[in-house]
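This report describes the architecture, the nonpolar core and the charged pairs of one protein chain. Please consult the sequence and the coordinates alongside the text.

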Amino acid sequence: QIYTDWANHYLEKVKSKRRIQDLPNDVTDGVILADVIEAVANQKLPDVNRKPKNASQMVSGNFSKFI
């Protein structure tokens with residue numbers, strides 16, 4: 001719950017409408033994770049696929065930026 005609260009704090013800080021309810025499920029596509037990283041770093045991540053349609057796009061498009 002601490003990580004969820006921490007992430008939601010930063011999402012609120014940048015006035016994002018998205019919130020994390022269930023951390024493991026909500027970060028599976030990488031989009032909200034990218035939003036949190038952008039909020040914490042105060043920088044935009046390049047080439048984030050905001051609407052991945054399948055698992056391949058989720059992994060190759062979003063998670064590879066965090067590895």
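Among contacts in the chain between residues at least 6 apart in sequence, what percentage join residues at least 24 apart? The figure is 33%. It refers, like every value below, to a predicted model.

## Overall architecture

The secondary structure consists of 4 helices and 0 strands, and the pattern read along the sequence is α-α-α-α. The chain has 67 residues, of which 30% count as buried. Its accessible surface comes to about 4900 Å², with 55% of that area belonging to carbon and sulfur atoms.

One pair of positions illustrates how residues separated in sequence are placed in space. V14 lies in the loop between α1 and α2, and its C-alpha atom is separated by 8.9 Å from that of N42, a residue 28 positions away along the chain. V14 itself is partly exposed, with a relative accessible area of 45%.

## Nonpolar core

The largest nonpolar core is made up of 6 residues, namely A7, L11, I20, V27, I32 and V36. Two elements, α1 and α3, give two or more residues to this core.

One member of this core, L11, also appears among the contacts of a charged residue: outside its neighbours within four places in sequence, D35 is in contact with L11, R18 and R50. D35 is situated in helix α3.

## Salt bridges

Side chains of opposite charge can pair when their charged atoms come close. In this chain the count comes to 3 salt bridges. The pairs are described in turn below.

The salt bridge between R18 and D35 has its closest N and O atoms 3.8 Å apart. This pair links distant parts of the chain, 17 residues apart: R18 belongs to the loop between α1 (2-13) and α2 (23-26), while D35 belongs to helix α3 (residues 31-41). R18 counts as partly exposed because its relative accessible area is 34%. D35, in contrast, counts as buried because its relative accessibility is 14%, which falls under the 20% limit.

A second salt bridge joins E12 and R19, whose closest N and O atoms are 3.7 Å apart. E12 has a relative accessibility of 47% and is therefore classed as partly exposed. R19, at 30%, is likewise partly exposed.

The side chains of K44 and E38 form a further salt bridge, with an N to O distance of 3.7 Å. Is each partner buried or exposed? K44 counts as exposed at 71% relative accessibility, a value over the 50% limit. E38 counts as buried at 9% relative accessibility.

## Summary of the charged pairs

The table collects the pairs with their computed distances.

| Pair | N to O distance | Accessibility of the partners |
|---|---|---|
| E12 and R19 | 3.7 Å | E12 partly exposed, 47%; R19 partly exposed, 30% |
| R18 and D35 | 3.8 Å | R18 partly exposed, 34%; D35 buried, 14% |
| K44 and E38 | 3.7 Å | K44 exposed, 71%; E38 buried, 9% |

D35 thus takes part in the salt bridge with R18 and is in contact with the core residue L11.

How values were computed: Residues numbered from 1 in each chain as written. Predicted model: local features only at pLDDT ≥ 70, side-chain atom pairs only at ≥ 80, totals over all residues. Heavy atoms only, no water. Salt bridge = Lys/Arg side-chain N within 4 Å of Asp/Glu carboxyl O. Buried < 20%, exposed > 50% of the residue type's maximum accessible area, 1.4 Å probe, protein only. Contact = heavy atoms within 4.5 Å. Core = buried A, V, L, I, M, F, W, Y, C linked by side-chain atoms within 4.5 Å. Areas by Shrake-Rupley, 256 points an atom, 1.4 Å probe, with all protein chains shown as cover.
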